[in-house]
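Visitor: I am new to this structure, and I would like to know what stands behind the words used for it. Could you show it to me and take the terms one at a time?

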Amino acid sequence: MIPSHASVSAFSLQALRAARPLLWTRPDNAATGAGVAFTLADVQAAHDRFARFAPLLAQLFPELEAAAGVIESPLRDAAAMQQALGLPAASGRLWIKADHALPVAGSIKARGGIHEVLEFTEKLALAHGLVAPGDDYRKLGTPAARACFAQYQVAVGSTGNLGLSIGVIASALGFRAAVHMSADAKEWKKARLRARGVEVVEHPGDYEKAVAAGRRQVQADAHGYFVDDERSASLFLGYAAAALRLREQIAQAGIVVDAEHPLFVYLPCGVGGAPGGIAFGLSLLYGAHAHCFFAEPVQSPCFLLRMMAGHGQLPGVPVPPSVYDIGLTNQTEADGLAVPRASDLAYAAVGQSLAGVYTVADDTLYGDLARLHDSEGLRIEPSAAAGFSGPRQLLGSLAGQQWLRQRGLRPHLARATHLAWTTGGLYVPAEEYGRFLSRGQRLAAAPQAPTGAPSLHHSRRA
């Protein structure tokens with residue numbers, strides 16, 4: 001018998017409060033989120049902006065010379081990791097979108113963060129007559145252009161990776177750059193920023209407080225520009241542009257995406273901007289054939305709470321909800337995912353199309369980090385491992401099995417593509433990564449626990 005909507009909601013909230021891993025799927029008889037006015041043309045415009053700046057980026061960053069200034073990551077077959085995770089071939093094929101290897105910033109944040117700084121740069125350059133439409137943007141690397149940009153400060157609030165992307169590109173273009181960081185940001189990320197000449201402003205408290213402090217400071221600066229991770233359309237569209245390049249890679253790999261060849265995408269989620277943009281772009285390109293799931297730490301499930309609140313499943317909890325409202329700590333080794341409250345913009349954009357959200361324990365992140373190293377030779381940070389729990393949650397829990405059956409997807413699993421999006425880790429110092437790996441290998445050597453996903457789901461009432 002299928003549980004009632006009310007009993008499922010109560011069971012979900014109980015598991016969340018106890019910080020137990022779970023899978024939540026969006027009801028198929030209700031929509032949530034108000035929707036946003038972004039279109040495929042908006043996503044294409046972000047893609048085209050990256051192309052206009054590519055010659056300049058190749059000039060500023062030696063690591064981009066071979067790619068002619070294109071910032072992109074590979075799409076990798078992950079057969080060895082699939083075996084390490086114990087995922088049978090009959091359930092589909094595992095691939096990795098390796099954004100942990102994105103050049104310049106070393107994380108998924110290179111997409112949205114760099115795009116927003118480029119858009120701000122372009123507006124300034126056109127307004128000051130530094131370039132005209134159709135010009136070679138390498139003009140923006142001249143001393144005259146840099147002198148103009150040096151009058152402006154670009155700032156952001158971040159737990160780390162977004163700060164790295166903003167700080168690196170802003171300083172390279174000649175802007176004064178400042179990153180407001182929360183207490184849980186990693187020391188090596190602060191050191192890397194300072195080495196680039198970026199001002200690092202540390203704040204007690206969490207991500208949300210760092211963002212608020214940075215926003216207040218920049219508002220008082222007539223020449224200040226604040227990259228707002230919680231509200232930025234430019235960030236969102238920079239992430240969404242990834243879908244256009246992924247479509248090319250999918251075609252080159254011979255992967256088919258249609259009703260009989262479903263695409264399941266597993267995206268680590270912090271505030272929601274990066275996974276939201278990508279999920280939005282994929283929904284524009286593939287419609288109902290792309291099924292996106294967000295992955296969050298058990299102590300920081302902010303987007304899951306926002307989705308549940310949209311369905312009235314958080315009685316007595318303020319809207320928009322914070323993880324603190326249900327007694328969670330927001331403490332996790334996945335620093336980039338340690339966010340207490342979801343982005344309203346991202347929720348509005350993907351709340352109506354997101355397939356679901358699942359939560360992951362820190363030990364699971366470390367175990368999968370080690371499995372990826374030992375099977376595929378890839379180095380990631382703990383938060384970037386969150387995507388690998390997706391297939392286990394979907395295929396190994398009653399919640400996932402019921403969701404697949406309700407949507408008629410079970411007969412097509414053998415032809416499915418499972419895509420885990422790795423989001424950061426390229427520039428993690430060797431000593432720091434060694435600690436990650438040592439902990440992960442100890443955990444991976446232990447017998448794998450069940451998925452931890454309770455027998456819950458959200459569907460039509462029985």
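Guide: Let us begin with the polar contact, a pair of N or O atoms within 3.5 Å, where within protein one must be able to donate a hydrogen and the other to accept it, and residues adjacent in sequence count only if both atoms are side-chain atoms. Between domain 1 and domain 2, 15 residue pairs are in polar contact, both residues being at pLDDT 80 or more. This is a predicted model, in which local features need pLDDT of at least 70, side-chain atom pairs count only at pLDDT 80 or more, and totals for chains, interfaces and linings use all residues. Residues are numbered from 1 along each chain as its sequence is written, and side-chain values use heavy atoms, with hydrogens and water left out.

Visitor: What makes Arg341 and Glu208 a salt bridge?

Guide: A salt bridge needs a side-chain nitrogen of Lys or Arg within 4 Å of a carboxyl oxygen of Asp or Glu. The side chains of Arg341 and Glu208 meet at 2.8 Å, N to O, so the pair fits that definition. Between domain 1 and domain 2 the count is six salt bridges.

Visitor: Where do the bounds of domain 1 and domain 2 lie?

Guide: Domain 1 takes in 14-39 + 66-105 + 234-445, and domain 2 covers 109-233, with bounds that come from an automatic or database domain assignment. Their C-alpha centres lie 26 Å apart.

Visitor: What area do domain 1 and domain 2 bury between them?

Guide: Buried area is the accessible area (1.4 Å probe) that two parts lose on being put together, summed over both; here that comes to about 2800 Å², 55% of it on carbon and sulfur atoms. In domain 1, Ser234, Leu235 and Asp335 lose the most area to domain 2, together 25% of what that side buries.
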